[in-house]
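Student: Please pick one chain of this assembly and take me through it closely. Then place it against the chains around it.

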Amino acid sequence: MSRFFVLTLNGVTQGAIYAAMALALVMIWRATKVINFAQGAMAMFTTYLAVFAIEHGTPYWVGFLVALVSGLLLGAIVERVIVRPVESAPALNVVILTLGLLLFLEALAPMAFGGQIRSFPPAFSIVGLRLGTSQVPFSPFDLFTLGSVVAVMLLLLVLFQKTDLGLRMRASAFNPEVSRLLGIRVGRMLTLGWALASLVGALAGVLIAPSLLLYPTFMDDVLVFGFTGAVLGGLDSAVGAVVGGLLMGFALTYVGGYFGSDLETVGALVILIAVLMVRPSGLFSVQRVRQV
Amino acid sequence: MVAVQSRLDRLVRPTFGRHLLFALGAAVVLLLLSSQIGAYDDYNLTAVAIFAVAAAGLNLLTGLNGQLSLGHGALMAIGAYTASLLLKDHHQFPVIVVLLAAVLSTGVIGIGFGYAAARLRGPYLAGATLTLAVAIPQVATRYKSIFGGESGLTVAPSSPPDWLGADFPPERWLAWIAFAAAIVTMVLLANLLRGAPGRAFKAVRDNEAAAALAGINVARTQVLAFVVSAACAGLAGALLAYWTGVTAPAGFTLALSLQLITAIVIGGLGSLAGAVWGSLVLVFVPLLTSGMASRLSLPSSVADNLPLAIYGCILVIAMLVAPHGIQGALRRILAYGRARWGNTPGGGQKGVVDWDDPAPDT
Amino acid sequence: MKSVMGGNALRIRAIAIVCLAGLLAACGTSGDNSSGTNTASAPGITATTITIGSTQPLTGRAAPGYSEISPSSNAYFNYVNDHGGINGRKITYYYYDDGYNPTNTASLTRKLILEDKVFAMFSALGTPTHLAVVDYINSQKVPDLFVSSGCNCWNDVSNHPYTFGWQPDYTIEGKILGQYIQKSLGGKKVGYFYQNDEFGTDGVKGLDAQLGASSVPDASRQNYVPTNTNIGPQIAALKASGAEVVVSFSIPAFTALALLGAAKLGYHPIWVVSNVGSDVTTLTGLLKNFSKGAVGGALLGGMVTDAYLPLTGDSANPWISLFKGIHDKYVSNLPWDGNVLYGMAQAYTFVQAMKAAGRNPTRASFVKALETTKLSGGPGLAPLGFSSSNHLGFLGVQIYTIAADGTQTTTGPVYTSSDSGPISQYSGSASTPPANGIP
C-alpha cells in the first residue's frame, strides 16, 4: 500500500469535514455577508448536547438528531437575537460579535458539561475496510462521513436551485430591498439561511467528534481550515466551498505526511496565497482578477 | 534662505507642533504616574502601551485603509523573535538597537505580505491573514535549533541604567521604554495621517476607483499602509518579548491576532485614541473578571470559565450598545455636551479631538 | 477557589502584620524559628495563614485534564486546614488561569508576587509558560516549588536556586522505559511516537541513551504537534516501518488518538506509553465509545507504562484510600483520575516541606530546609532527590502493564536514575501515610 494512497484516503475524510464547515460559512456569507467565527463553537456546543443525550441513554441516532435540530435552532436564535440588531453597523462589528459568541460558548460548554475531554461514539465501526489482504485506512464511518457531506451538499443544491423557497432565499440574499418589494419576507429568509448553515455546521461537529475527541475548543482548527477552504474555493460558491474544503484536507495531509505535521499550517498558507495571487476571489469566483 | 524657511515651516506645521506638545504632556503625565504606582501597576500599564502600539498600527491598516488583517499576532511574533534572536547571543545590545531591528525586520517582511495583501479584498484578505496567524508560530516549532521550539527563547530583561540608582524597579524602567515607544509611534502615525499619506489611505478605503481617478496609486498606498502597520506590530512584538521574558509559539496564537482586532473595534475603529482605549480594555478587563470570579464560591468548572464567559458577553454587548467603540461613544457624549452647553465646535477641546481622526464610518 | 473568600479582610490584616513584622525586624527581634508563637516571618506568612499561588491552564487547549490539578491540590489544603492547618496556619491557595499562554503567565505571576504577596509559587504548570517567569521569580527570591512539568530545566541550582521540580524528568523516564524494552521486549523493532516539544524530545533523549540512537531508524521516529489532531499519517508511517513496539511520549488525548488510528489500520504493536499519557481512567473514558466493531477496551490490553505514584485503581493502597476520601469529600465533581492524584500528592509534598521549615520560616530558610531535610517520598514510589545540588523531585519510576479490562499490574522494582548517570534499583520500601493524613 503506497504512502500516497494512505494519505489520500486520510485526506478525503479530513477534507469532507472542512468542506461541511466551509459550506456552512459560505451559506451565511451569501445570506448576510457575515463571516461567522462562532460557527465552530456553535457546532461544538450542539455536539455536547448530542453526547449529553447519548450519555443519558438515548440511542445514537436520537443524539445525532438532537445535534442537528439544536443546530438549526441555535442558528436561528443567533441570527435573530444577536446578528439582526447590528445589521446596519460596520461590517467588522459583526466579526467581533461572533468572536464574543465563540468565547462565550467555549466557556459555557465546560460549565455545563464539565471540562474533561470526552469521546463521542461513531455511527459505524472505525476499523478500516479490508481490501484483499490489507486493511485500508478508510472505515465504514469514514464512508458515512463522506456520504453525509455529499448528501447535504446535494440537498442544498436542490433546495436553492429547484424549490421556490430556495429561490426566495437567494433573492433575499442577493437584493433585500427588491425582494421586500416583491413580497418576500426577507428577515425570515435570512434567519432560515443561518439556521440551515448552522445545521450543516452541527453535522460537521458530530461527524468529526469521534476522530478529534470532544472538548470545548475541538472545533477551532476545523473552523480555521474550513474558512481557509471556503476562501480557497470562493465565498460565493457552494461548490467552491466543498472543493476548497476537500483541497484543504488533501493539502494538509500531504504536507503533513511528506514534510512533517509541524509544517501543515505553513503548507496551508503557501497554497492559499499561491491560489489567491492567481485568483484573488477564490477558485470558483466569477469576479475579474485585480491587478496590482 | 527663503526656501529653507518654507521647508522648516512645512516641517513644523501647526499640527506637528500640537502633536509634539500633546506627546510631551503625555510623557510627563506617564512619567509622574509610573513613579507613583506600584511595580505591578507599572507592569500592566506597560502592557497597555505595548498593545496600543500594535493596535494603532492595525487601526491604521484596518480602520483607515480598510484592509482587514486577522494576522497581526504573527507580525508581532516576527518582531518578538527578531528581538529574542538578537538577545540570545548578545545580551549587551542596547534596547533601542533591538527595537529598531525588530521594526526593520518586520517592516521588510511586511513589504512582501503587503504586496500579496494589496491584491486581496475583504474576507479573502481576512482568510489569508488568518492562515498567516496560524502558520508563523509553527515555523518556530519546526526550526527548533534557531527558534527554540515550543519552549521558545528566553529574553534577558533590560536592566535600568546605573544613574537611576541600584534599586530602581525594573518594571518602571520597562514601562518608560514602552511609554517612549508608544508616544513616538503615536506622534509619527498622527503626522502620517495628517499628511498626504493619511488622506490617500482614507480615499482608498472609501472608494478605490475614485481614489485611482484622483491620481492615487491604490496598490502602493495599500502596501505602504501594510508596511507601516507591520512595523508597528514588530515594535510591539519586540517590547512584548522584553515584557514576557520568553518568546514562544504559545504566546502568539490566533487568539492574539483576534484580540488586537477586538481592541480596535471596541476602542474605536480608525482612531489612534481608539487603539489606546482598546488596549486598556484588553489588559484590564480580564484582570477584573478573573478577580471577580475567584471571589465567588463556585464549583471549579464554573469558576474557571466564568471570566471567559463574561469577556465574551462584554464583546457582544459592547457591539450592541456602542457600535462605534469607546471613542465613538465619547465623541457622541462630547457632541451632546457641546450642543447642551452651547460651545462652538472646535473650541477649547480641539487639541484633544484633533489627536485622532474625524469620525470613521466604514 | 473557596479559600479566596474574605481575601480582602485577610489581606488588610496580612499587610498590617507584615508591616509590624518589618518594624520588629528593624529592631532585631524577629526570626526565631524555635519559639512557640507564630509570627509573620515572611511575605505571605501571617500568624494564621500561609498564602501561595500558581498559574494553570484552566481554559483553552491545555485545560482538559490539567485544569483538575489545582482544585485537587486545593482540596488537600482544605483538608489540612480543616484539621488544624500547618502549625496553626491555614493555607490560602490562589491559582489563576493563564490559558497556557506565556504572556498571561508573565502578568499573573507578577500579580501573585507583587499584589497577592504569596509566600511561594506552587505547581505552576507548563514548560513555555513557566520558562517565561522562572528568572523573575528567582530574582524576587520567591520559592518556586514543584513546577508541573518534567522538563529537566527546573533542576538548575546555580541559575535558579529557588526553583524545584517534582515529577521525574522525561529523560529519566525514557531511560527506564528503554531498559524495560531491552530486557523484556528485546529483539523487537522499536518505533517512537512523541510530542514535538521538550516533553517528547527529552523522553526520546532518554530512550536513545538506553537503546542506542542507531537502533531506531528515522522512519520509525514520528512526532506530532499538539495543535494538529490528524495523526493518521504518522501512524501509517510507523506501521510501514514495521515497528513492533511503539514508545509513545504523548498526552492522554493523543495516546487515545494513536490507539484509534492504529486500530483503523489494523496495526497492533506493543504500546509503551510514558506516565503523562497513560492515565487509565482518562484513556478508558476516551476509548469506551469505540467498543463497537471489535476495537473497544482491547485497545488498552498489553500497554506498558510507568508510574512514580501509586495507581489510582489500587484501592488497597493506603495513600489511594486517603486521597480518594479527600476527593469524595472536597472535589467530587472531578473524576477520580491521575490528575487529581497528582495535584493532591504535590500538595502533600508541599505540606511536608512547610513542616520541615519549622514554625516561622523565611523564604530563604524554607528553601534551605527543602535542600537539607530528607523528606520521605510520601505517596511517591521513588525517593525525592532534593539537595543543595539537586532540585529534581522524584528520581525514578516503576514499570507496570495494563490489561484489557484496565487492571494495572506493577512489573519489577522501582528504578532510579539521573539524566547522565546509570540506572539503579531502588531498595527502599514504600512509606505509609500518617494516621491523620497530614505529614
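Tutor: What follows looks closely at chain C, then turns to the contacts of chain A and to chain B.

This is a predicted model: local features need pLDDT of at least 70, side-chain atom pairs count only at pLDDT 80 or more, and totals for chains, interfaces and linings use all residues. Residues are numbered from 1 along each chain as its sequence is written, while chains are lettered from A and ligands numbered from 1 in the order in which they are written.

Start with the overall form. Chain C carries 13 helices and 12 strands. Both kinds of element are DSSP runs numbered from the N terminus: helices are H or I with at least four residues, strands are E with at least two. The radius of gyration of chain C is 22 Å, and this agrees with the value near 22 Å for a compact globule of 439 residues. That radius is taken over C-alpha atoms, and the globule rule is 2.2 Å times the number of residues to the power 0.38. Along the principal axes, the C-alpha atoms of chain C fill a box of roughly 75 × 40 × 40 Å.

Next, packing. Of the 439 residues in chain C, 61% are buried. Buried means 20 or more other C-beta atoms within 10 Å of a residue's own, exposed means 12 or fewer, and partly exposed lies in between, with C-beta atoms placed from the backbone. Take the contacts in chain C between residues at least 6 apart in sequence: 71% join residues at least 24 apart. Contact here means C-beta atoms, placed from the backbone, within 7 Å.

Now the open sheet. Four strands of chain C pair in parallel, in the order S2-S1-S3-S4. Its edges are strand S2 (90–97) and strand S4 (144–145), each pairing on one side only. Strands count as paired if DSSP finds at least two bridges between them. Strand S3 (residues 120–122) of chain C meets S4(C) through two bridges, in parallel. C:Phe122 has C:Leu145 in S4(C) as its bridge partner. Helix H4 (residues 102–115) of chain C lies across strand S1 (49–56), S2 and S3, at about 175° to S1(C). Axes are lines fitted to C-alpha atoms, for helices over the stretch in contact, and angles between N-to-C directions run from 0 to 180 degrees.

Another part of chain C pairs in the antiparallel sense. Strand S9 (residues 303–307) joins S10(C) through five antiparallel bridges. There, C:Asp306 is bridged to C:Ile399 in S10(C). Strand S10 (residues 396–402) of chain C has five of its seven residues buried, so it is largely enclosed by the rest of the structure. S10(C) also pairs antiparallel with strand S11 (residues 408–416) over seven bridges. C:Gln398 finds its bridge partner, C:Val414, in S11(C). The S10(C) and S11(C) hairpin has five residues between the strands, and in it C:Gly406 takes a positive phi near 95°.

One helix deserves a check. Helix H12 (residues 338–356) of chain C has 19 residues, which at 1.5 Å a residue should span 27 Å; its end C-alpha atoms are 27 Å apart, in agreement. The expected span is 1.5 Å times one less than the number of residues. Of those 19 residues, 17 are buried, so H12(C) is largely enclosed by the rest of the structure. Just after H12(C), C:Gly358 has a positive phi of about 85°.

Now the neighbours. Chain A puts 31 residues in contact with 38 residues of chain C. On the chain A side, the elements giving two or more residues are helix H1 (3–32) and helix H10 (238–259). H1(A) gives the most, five residues. This side of chain A holds 13 nonpolar, 14 polar and four charged residues. Nonpolar covers Ala, Val, Leu, Ile, Met, Phe, Trp, Tyr, Cys and Pro; charged covers Asp, Glu, Lys and Arg; the others, Gly among them, are polar.

Chain A also touches chain B. That contact takes 44 residues from chain A and 39 residues from chain B. The side of chain A that touches chain B has 14 residues from H4(A), its largest share. By class, this side has 32 nonpolar, nine polar and three charged residues. A:Met111 lies in helix H4 of chain A. Leaving aside neighbours within four places in sequence, A:Met111 is in contact with B:Ser301, B:Val302 and B:Asn305. With 19 other C-beta atoms within 10 Å, A:Met111 is partly exposed.

Technical notes
Contact = placed C-beta atoms within 7 Å.
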